[in-house]
Amino acid sequence: MSDTPIKKLNFKELASQLLPEGASFDSCLTCGLCSSGCPASGLENMDPRKFIRMAMLGMDEELSKTPWVWMCTQCKRCQHVCPMDIDIAQLVFAARSNWPKELKPSGIVRSCELTRSTSSTSAMGLPPEDFVFVVQDVLEEVRELQPQFKDMVAPMDKKGAFFFVNQNSREPMSEPDEMVPLWKIFNLVGADWTYSSKGWAAENFCMFSGDEEAWHQVIQQRVDAVNELGCRVWLNTECGHSYYTMWNAINRFGMEADFELANLVTYYARWIREGKLPVNADWNTAGLKFTVQDPCQIVRKAYGDEIAEDMRFVTKSLVGEENFIDMQPNRSANYCCGGGGGFLQAGMTDQRRIYGRRKFDQIAATGARYVLTPCHNCHSQMEDIGDHYGGGYHVVHFWTLICLSLGILGENERAYLGPELAALGL
Amino acid sequence: MKQNTRHIDTDLTIIGSGLAGVAASSFALRRNIRTAQAGNTGALAYTTGYFDLLGSLTGGSGASISDPWEGIRRLRESEPLHPLARIAEDDIRASFEEFITFLAECGITYGKPGDRNLDALTPGGTLKKTLSVPATMQAGVDAFARKAQCIIIDFKGLKGFSSRQIVANLKTDWPQLRHERISFPEIDQAEIYPEVLARALEVPANRAKLAEVVKGLATDAEAIGMPAVFGIHAPDRVMADLQDRIGRPIFEIPTMPPSVPGIRLRELFEQVFPQKGLTLIPQQKVVSTDLQANTIQLDLKDNYGPIHISSRAVILATGRFISGGLEAHMERITEPLFGLPVTQPASRDLWYRHQYMDNLGHDVHRAGIEVDEQFRPLDRDGKVVHHGLFGAGILLAHQDWIRGRCGAGIAVATAYKAVQAALSVLQPAAA
Amino acid sequence: MSTQANPRQDNAELKVLETEVLIIGGGLTGAGIMRDLSLRGIRCLLIDKHDLCAGASGGNHGLLHSGARYVANDLRAAVECRQESDILKQLAPQCIENTGALFVGVEDDDPGFGAQFPARCASAGIACEELSPAEARTMEPHLTEKIHTALLLPDATVDPFRLALENVAQAQLSSSSAYRPHTEVLSFRISHGTIDAAICRDNRTGDLLDIRAHQVVNAGGAWAMNIARIAGCSDVNLLYSKGTLLISHDRLTDRVIHRLRPPGDGDILVPGGTVSVLGTTSIRVDELDSIVPTVEEVNTNIREGSAMVPALVHARYIRAFSRVRPLLQPGAEASDREVTRGYALLDHRSQLTNFCTITGGKLTTYRLMAERASDLVAERLSNTVGCKTRELPMQDGEACRWTEPGASPKYWFQANNPDDSILCECEMVPQSAIDEIIKCAPSGGEEMTLEGIALRSRVGKGPCQGSFCGMRIASYLYDRGYYRDKTGLDHMRKFFNERFKGLRPIIWGRQMAQMELSEALHCGLLGLDQANNMDESAE
Ligand SMILES: Cc1cc2nc3c(=O)[nH]c(=O)nc-3n(C[C@H](O)[C@H](O)[C@H](O)COP(=O)(O)OP(=O)(O)OC[C@H]3O[C@@H](n4cnc5c(N)ncnc54)[C@H](O)[C@@H]3O)c2cc1C
Ligand code: SF4
Ligand code: SF4
């Protein structure tokens with residue numbers, strides 16, 4: 001084992017540097033609350049308390065090399081429930097950073113490399129010109145086929161627009177029609193928005209790969225792109241880690257950003273409250289049940305319960321109060337689904353599904369037919385575990401449901417709806 | 001990027017989310033007080049879920065007592081400064097009643113507190129005097145009282161809970177008790193946590209599988225005990241369903257930490273209280289304070305950034321050493337947040353007696369802050385520190401919550417008094 | 001509590017045991033003699049009134065002296081230490097960590113003392129390298145900035161528990177020698193200047209034993225004077241010096257740190273695997289039982305120690321412990337530290353033909369002491385095989401490996417066996433370790449206490465000090481059928497009581513939170529404080 005090129009880190013030392021006084025590993029009571037509530041506990045015998053104890057017992061060699069660090073999604077639930085507020089995810093990040101690139105899960109590394117391969121900062125490597133083309137192409141098609149949207153716009157590189165809108169690459173790359181509901185919403189509320197040909201993409205696996213420098217560079221490109229267009233608000237669409245990587249990096253690396261960061265969920269809620277998005281639940285005559293998944297990256301790790309409340313307000317407005325069933329636990333205490341932290345890209349399918357089993361149970365316990373979530377990783381993971389464990393539920397984006405409720409959801413924009421909604425309101 | 005401090009303006013702020021903080025919050029919400037709350041719920045998650053009022057008389061033989069009300073009457077003589085001795089019996093009863101009613105509305109039912117202590121089961125195979133137990137544990141108390149034909153089941157891989165141990169320790173008193181060990185259906189990890197099982201049992205399909213296994217074992221038992229794993233957020237429902245499927249009464253026995261009953265209370269608080277109107281800043285501690293003429297200013301921080309609270313009244317319910325309400329230094333004990341004077345033994349050598357299990361208990365637990373009749377903390381001269389600042393919970397001096405088995409009693413009753421007193425400051429007319 | 005042991009001295013029948021040599025005292029010296037004699041083909045029985053290393057052997061710094069500490073006032077002891085530590089480093093490497101040591105002069109420590117030191121070391125043959133203060137601080141960042149002298153010496157650390165276990169294990173393998181814990185000598189049956197038998201009591205069952213041996217060795221350490229007196233010998237004269245040490249949660253230095261001054265309080269900091277051990281104080285006492293560390297001794301150690309390593313003031317401590325050093329009665333007036341740390345072998349020839357006493361000395365020279373005592377015993381038995389412990393490496397004994405700090409998590413991690421769950425979370429001791437320890441226990445697992453397990457492993461040595469794992473292991477022992485009644489609760493109670501003695505003076509800071517949680521569990525939840533009146537209250 002000694003020939004592996006993974007450097008040995010001194011975790012105790014790191015913990016004393018990275019963690020605040022009073023919440024260092026030294027304060028741990030070994031009570032196990034963290035492990036009890038960590039969805040990864042048990043995966044290859046790991047759990048967060050073991051991580052701390054091994055660090056304290058000087059097992060730097062083992063911790064430096066253990067694949068555990070790729071199974072912890074850095075969701076920070078352990079910290080949330082720890083009476084001493086001990087942050088283990090920080091150390092996991094440090095351990096990830098320490099792995100030589102060749103040994104890191106190649107899927108995550110490749111996503112990071114692709115992100116840096118074009119000025120799009122797209123983890124799927126979609127170049128700016130292709131993005132521009134796809135947007136134009138889809139827009140033209142909608143204008144043509146859906147007459148009520150014949151004047152719809154999808155501005156590109158519009159200087160001084162209020163919103164700089166980002167976009168997960170999955171849509172332009174493989175399901176372009178999924179962008180349309182979002183545009184419709186912007187159109188309807190009369191938002192002053194723009195895409196950018198540069199730095200438009202949402203994903204950032206560089207952070208998950210533990211490559212701090214790459215993470216910084218990618219965010220720099222995005223920040224520059226926003227600054228260049230002079231937008232007031234960088235609007236994060238339905239992608240959890242996108243927000244966290246940007247927000248965290250700006251603080252962490254002390255970047256100059258003359259704009260605000262906002263999440264689309266906040267605006268959905270605002271527009272509904274202001275009457276600009278006149279949604280209602282009248283369409284849900286069948287009383288279909290819905291639940292929501294709180295993405296760790298925007299709830300526990302960032303905004304806190306405020307945005308979780310907005311998500312619930314939006315959901316209830318869309319599906320009817322009585323048709324909303326909360327998952328347990330929720331909001332800041334929510335369980336990570338197992339799609340985060342790059343797990344989906346890490347190639348460890350079995351482990352990821354075991355991790356996701358707890359989320360699956362939580363979804364099953366609600367009895368909901370649909371799960372709403374403003375995060376692409378949550379979305380993919382919940383679909384996958386649903387298929388794997390036989391869930392029979394569907395995972396949908398908010399934009400889909402908003403347009404459905406408003407009666408403006410096109411035929412091709414329903415990829416994620418179940419058969420009972422496939423034709424509703426067409 | 002601008003990162004703005006968020007401001008919260010409120011009437012009452014409760015610092016601390018232990019049992020005292022949670023109870024205070026429930027009382028405030030029922031009185032429609034505009035309330036904010038901050039604090040890590042850590043220690044709350046360690047409890048068994050049993051609500052003790054007074055389980056033994058401290059300072060003497062340490063023997064357990066069966067009538068807690070009589071015990072409190074005796075406390076008034078022997079320890080007049082004990083927080084429970086300073087609260088009228090009617091108020092204590094009312095506080096429990098109100099708190100338990102509130103919890104039931106939120107999803108966890110407790111047995112109605114009576115005149116006598118119950119003998120509740122522990123994972124060690126001992127008995128514990130307590131006033132009220134969650135409905136999911138009631139059948140165990142009853143079964144013990146009747147010494148009914150019973151079976152205790154444990155799960156392979158659940159460390160620290162051995163049904164053999166429970167039976168071995170109780171068999172002289174309870175000959176009709178048997179034990180069994182089973183594998184929890186579909187969980188094939190070697191080390192399992194009660195919390196994981198409890199979450200699994202929220203799913204009906206998993207309950208069905210467990211019921212199938214249990215049914216086969218317990219053909220002649222009048223009741224079946226298991227480690228506390230009957231769900232997290234809807235234990236009553238989970239138990240009822242499981243019981244239906246098994247076809248006989250079942251009950252839970254608390255496990256050692258990290259145990260489910262504590263996690264239940266934590267989650268109930270975190271998830272349900274905000275829906276009832278509480279402004280909650282979950283799991284964050286207040287870091288600095290400033291007493292002003294008409295308000296108290298508090299500062300804290302969450303993951304998103306700084307938060308500033310301006311509040312007309314504050315209840316300090318920050319607990320003791322585990323929770324950080326008190327800090328023990330090499331030389332002395334301090335209260336870190338407001339710098340309140342702490343009544344304490346003269347030197348560290350007097351904190352603990354020489355024998356761990358000494359029936360007199362350890363004086364360090366009696367250290368704490370002093371309060372007046374309105375539960376307002378007092379300064380060194382015995383004067384009220386601030387008219388809007390109140391103290392509640394085990395942070396208060398002159399009690400040994402551990403040996404007295406009175407943790408929940410002090411938390412709930414003092415929270416009740418503190419909220420009442422706060423109300424009279426906030427709404428002089430109403431109160 | 002029906003199993004509670006009460007001596008049944010009056011009506012008990014004597015159980016007779018026979019052996020060639022009876023060794024009294026399961027410290028390192030006794031264990032060393034057991035191995036030495038066994039390797040010469042002599043069958044021994046080793047007994048201890050508690051268990052292995054219950055005395056000074058289990059309550060020291062774990063420092064394998066290079067001899068440097070004694071060069072100033074006891075050159076012979078210094079040379080012995082050098083020779084013996086070299087032998088042990090070679091023959092028992094599994095018990096030793098070759099840390100090296102820094103001797104540092106700080107603030108107003110007399111520079112003259114440090115200046116003479118290298119020459120003195122040279123005359124004892126001890127390698128000594130002078131360092132600049134800056135070099136020393138690079139090697140050990142926690143050292144104070146106020147160093148004026150720094151010397152590098154070849155001291156090492158040793159795990160005395162493992163060493164004792166290995167000695168016993170090898171003795172058991174190489175002859176039919178046996179070890180019996182919880183066995184206390186009460187009296188001797190003597191006729192015509194010869195000990196015929198030792199009358200002993202099994203302290204767990206209360207049973208009396210009649211142990212017949214050709215030779216009896218008193219390796220009673222600080223208790224040697226008492227044992228000799230029972231045998232009617234008044235020529236063992238000891239002074240008792242109590243030393244108190246404390247263990248920090250963290251390992252603060254890589255090397256041993258000594259204060260470069262005449263020996264005093266709190267002047268040695270020894271790394272022990274994952275922790276550091278600070279000590280000691282020195283107080284004359286006149287009795288041996290009820291020795292517990294006090295708040296004052298703890299404060300003294302920290303105050304003095306922090307002059308070398310300032311971080312000691314804010315460190316989290318997990319335990320303190322005290323033991324008594326037996327000091328051979330000096331002729332002249334001398335302070336306890338100057339009284340020789342040399343050893344004494346007394347043959348009691350004028351009174352008894354088959355009894356000898358070996359006491360005093362140091363952990364570092366235990367082998368030499370064992371050799372000398374064994375030579376005497378062998379000669380008396382006309383055995384001519386000769387000592388083998390100078391050359392024969394210490395074998396890795398079965399079940400001896402669990403005492404090493406940080407070792408059990410390594411074994412556990414490597415084995416990667418998902419079914420082997422961890423019972424002691426702090427030190428990560430898995431179920432399999434407990435199984436192995438029980439299997440190899442002196443009584444073949446018939447009777448095992450939590451304390452016995454803790455002695456043979458890292459159980460209870462971490463920050464929770466046994467408060468969680470004590471409960472988990474007790475449950476496990478119930479599951480395995482070792483406990484069938486309330487004995488398990490009683491053992492838990494005793495184990496926690498015992499651990500508490502070491503906690504009491506160091507409870508503040510983070511350990512206070514830990515302790516509050518422990519007591520809430522043990523008393524608030526389990527009601528162990530009421531174990532005695534539990535039965536009444538259940539009515
Ligand atoms: C292992 C264990 C078992 C127990 N079992 C039982 C039982 O079976 N029955 C029973 O009746 N009782 C039991 N108890 C006791 C019971 O839990 C306590 O008596 C009760 O919870 C005390 O409540 P408290 O709110 O006063 O203090 P705590 O619960 O300690 O709460 C104090 C809170 O204040 C917060 N805080 C501290 N500083 C700050 C700050 N600066 N800003 C914001 N917040 C802060 C802390 O994070 C903490 O959440 C048990 C306790 C333990 C530890
Ligand atoms: S919850 Fe916190 S204190 Fe408890 S074991 Fe985990 S890290 Fe340690
Ligand atoms: S960050 Fe999440 S996955 Fe990682 S150890 Fe903590 S709870 Fe487990």
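Modeller: A helix here is a DSSP run of H or I with at least four residues, numbered from the N terminus. The model is predicted, with local features needing pLDDT of at least 70 and side-chain atom pairs counting only at pLDDT 80 or more, while totals for chains, interfaces and linings use all residues. Residues are numbered from 1 along each chain as written, chains are lettered from A in written order, and side-chain values use heavy atoms, without hydrogens or water.

Colleague: Which helix gives the largest share of the lining of the second largest pocket?

Modeller: A pocket is an open set of points on a 1 Å grid where a 1.4 Å probe fits, with protein on both sides within 12 Å along at least five of seven lines; lining residues have an atom within 4 Å of a point. The second largest pocket has 37 lining residues, and A:I354, A:R358, B:I187, B:D188 and B:Q189 lie nearest its centre. At least two lining residues each come from α6 (194-200) of chain B and α17 (349-366) of chain A. The largest share, eight residues, is that of α17(A).

Colleague: Which residues have the most contacts inside the largest nonpolar core?

Modeller: A nonpolar core joins buried Ala, Val, Leu, Ile, Met, Phe, Trp, Tyr and Cys residues through side-chain atoms within 4.5 Å, buried being under 20% relative accessible area with a 1.4 Å probe, protein chains only. The largest such core has 356 residues, and helix α11 (residues 407-426) of chain B gives the most to this core, 13 residues. Beyond four places in sequence, one core residue, A:W183, is in contact (heavy atoms within 4.5 Å) with residues including A:V135, A:M152 and A:W193. The residues with the most contacts inside the core are A:W183 and B:F155.

Colleague: How many residues apart are the cysteines of the disulfide, A:C112 and A:C206?

Modeller: A disulfide is a pair of cysteine sulfur atoms within 2.5 Å, and the structure holds one over all chains. A:C112 and A:C206 qualify because their S to S distance is 2.2 Å, and the link is right-handed with 100 degrees about the S-S bond. A:C112 is buried at 4% relative accessible area, as is A:C206 at 0%. A:C112 sits in helix α7 (residues 106-117) of chain A and A:C206 in helix α11 (residues 205-208) of chain A, a separation of 94 residues.

Colleague: Which cysteine sulfur is nearest to that of A:C378?

Modeller: A:C378 is buried, at 5% relative accessibility. A:C378 is in no disulfide because the nearest cysteine sulfur is 3.5 Å away, and the limit is within 2.5 Å. That sulfur belongs to A:C375.

Technical notes:
Buried means under 20% relative accessible area, exposed over 50%, partly exposed in between (1.4 Å probe, protein chains only).
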